[in-house]
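User: Could you take a close look at one part of this structure for me, the place where aromatic rings pair, and then explain how the rest is packed? I am in my first year, so please go step by step.

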Amino acid sequence: MSNQNASTLGVSIIGLGAMGSGIARTLIERGFTVSVWNRSRSKVDALVASGAIACNEPRDALNSHTHVVVCLSDYAVWQNIIQEHSLASCFED
């Protein structure tokens, strides 16, 4: 890690299955600001109780921090989320 304090660093997590939730919890425990989004709100709410910031839409998570971790079952699921939420412009140069 650079000279920055962990509490000044932020990470968004999209997808809160076993891996995404584990990553989010670890980052929260280490003092990072963590924003989370998941298709099922109950998983978001569970992490908010631990200190995460809830995102209502995946775009909110993408815009919250410069670092984003996507943990989904496969690439097709991510492609569907990109299409359903009109996110393609978020990935254009």
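**The aromatic pair and the nonpolar cores**

Analyst: The structure, which is a predicted model, holds one aromatic pair. That pair is formed by Trp78 and Phe91, whose rings are arranged edge-to-face, with 6.0 Å from centre to centre and 80 degrees between the planes. The angle counts as edge-to-face because the cut-off for that arrangement is over 60 degrees. Since Trp78 belongs to helix 4 while Phe91 belongs to the segment after helix 4, the pair ties together parts that are 13 residues apart in sequence. The two partners can also be described by their accessibility: Trp78 has a relative accessibility of 11% and therefore counts as buried, whereas Phe91, at 45%, counts as partly exposed.

Just ahead of helix 4 (75-84) in the chain there is a loop that joins it to strand 4 (67-70), and Ser73 has its place in that loop. With a relative accessibility of 64%, Ser73 counts as exposed, because the cut-off for that label is over 50%. Between the C-alpha atoms of Ser73 and Leu87 there are 19 Å in space, and the two residues are 14 residues apart in sequence.

From here we can turn to the packing of nonpolar residues. In soluble globular proteins, nonpolar side chains tend to be buried together. The largest nonpolar core in this model has 13 residues, and the members that touch the most others are Ile13, Val34 and Val36. At least two residues of this core are supplied by each of strand 1 (10-14), helix 1, strand 2 (33-37) and helix 2 (41-48), and the largest share, three residues, comes from helix 1. Another core, of ten residues, lies apart from it, and Trp37, Cys55, Val77 and Leu87 are among its members.

Two residues let us follow the contacts in detail. Val34, if residues up to four places away in sequence are not counted, touches Val11, Ile13, Ala24, Leu27, Ile28, Ala52 and Ile53. Leu27, which lies in helix 1 (residues 18-29), has a relative accessibility of 16% and so counts as buried. When its neighbours within four places in sequence are left aside, Leu27 is in contact with Val11, Ile13, Phe32 and Val34, so that Val11 and Ile13 appear in the contact lists of both Leu27 and Val34. Finally, Leu27 and Gly10 are 17 residues apart along the chain, and their C-alpha atoms are separated by 9.1 Å.

How values were computed
Residues are numbered from 1 along each chain as its sequence is written. This is a predicted model: local features need pLDDT of at least 70, side-chain atom pairs count only at pLDDT 80 or more; totals for chains, interfaces and linings use all residues. Side-chain values use heavy atoms; hydrogens and water are left out. Helices (H or I, at least four residues) and strands (E, at least two) are DSSP runs, numbered from the N terminus. Buried means under 20% relative accessible area, exposed over 50%, partly exposed in between (1.4 Å probe, protein chains only). Contact means heavy atoms within 4.5 Å. A nonpolar core is a set of buried Ala, Val, Leu, Ile, Met, Phe, Trp, Tyr and Cys residues joined through side-chain atoms within 4.5 Å. Rings of Phe, Tyr and Trp (its six-membered ring) pair if their centres lie within 6.5 Å; planes under 30 degrees apart count as stacked, over 60 as edge-to-face and the rest as tilted.
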